[in-house]
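User: I am new to this structure. Please take one helix and walk me through it closely, then show me what lies beyond it.

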Amino acid sequence: MYNAQAFGRNLQEHLSSHGIEQKWVAEKMGTSQATLSRYVTGARLPGVESLVELAQVLGVSVDYLLGIEQPSPKTKLSTELTILAQCYSQTPLSIRKIIWASLDSYMTPEQRLVIEAGMSAEGKSNVG
């Protein structure tokens, strides 16, 4: 059954197991850390819009947060990729090039072509 305490436990467990700080989540949601803390402690339940936004920020389903569905093995990877993508999107082109250079030995030739084309197009759009 859905209640504030069960929701808070699920949220706290997810944050802890993925090394996610309440402050980061609150910033991404545009809410206060105090509000998020109330969700975690079970003192407050989020409204529907906030619940959906929270699930999107964490890269999980609403059902997962509500305890309706069990976490899948890919949940952790999905969350890590979400965080990585958010950080990457804020990174300047010079740092992105370093990131891709570090990953070069893990990529297929086809993947390299895609990345090179993307870096080239982005470099051109930043000129001028």
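**A close look at helix α4**

Analyst: Start with the outward side of α4: V48, E49 and Q56 are exposed there. This is a predicted model. The helix itself spans residues 48-58.

Now turn to the other side. The buried residues of α4 are L51, L54, A55, V57 and L58. They cover an arc of only 160 degrees around the axis, so they sit on the same side of the helix. Buried here stands for under 20% relative accessible area, while exposed stands for over 50%. V48, E49 and Q56 pass that upper mark, on the side of α4 away from the buried set.

What follows α4? G59 does, and its phi is positive, near 70 degrees.

Further along the chain, look at helix α7. This helix covers residues 93-103 and includes L103. L103 also joins I95, I98, I99 and Y106 in a nonpolar surface patch of about 490 Å². Patch members need over 30% relative accessible area. L103 has 35%, which makes this leucine partly exposed.

Next comes D104. This residue pairs with R112 in a salt bridge, and their closest N and O atoms are 2.8 Å apart. The structure holds one salt bridge. Both partners are partly exposed: D104 has a relative accessibility of 31%, and R112 has a relative accessible area of 23%.

Conventions:
Residues are numbered from 1 along each chain as its sequence is written. This is a predicted model: local features need pLDDT of at least 70, side-chain atom pairs count only at pLDDT 80 or more; totals for chains, interfaces and linings use all residues. Side-chain values use heavy atoms; hydrogens and water are left out. Buried means under 20% relative accessible area, exposed over 50%, partly exposed in between (1.4 Å probe, protein chains only). Helices (H or I, at least four residues) and strands (E, at least two) are DSSP runs, numbered from the N terminus. The arc is that of the directions from the helix axis to the C-beta atoms. Patches are made of residues with over 30% relative accessible area and no salt bridge: like charges are joined within 9 Å, nonpolar side chains (Val, Leu, Ile, Met, Phe, Trp, Tyr) within 5 Å. Accessible areas come from the Shrake-Rupley method with a 1.4 Å probe; for residues, only the protein chains shown count as cover. A salt bridge is a side-chain nitrogen of Lys or Arg within 4 Å of a carboxyl oxygen of Asp or Glu.
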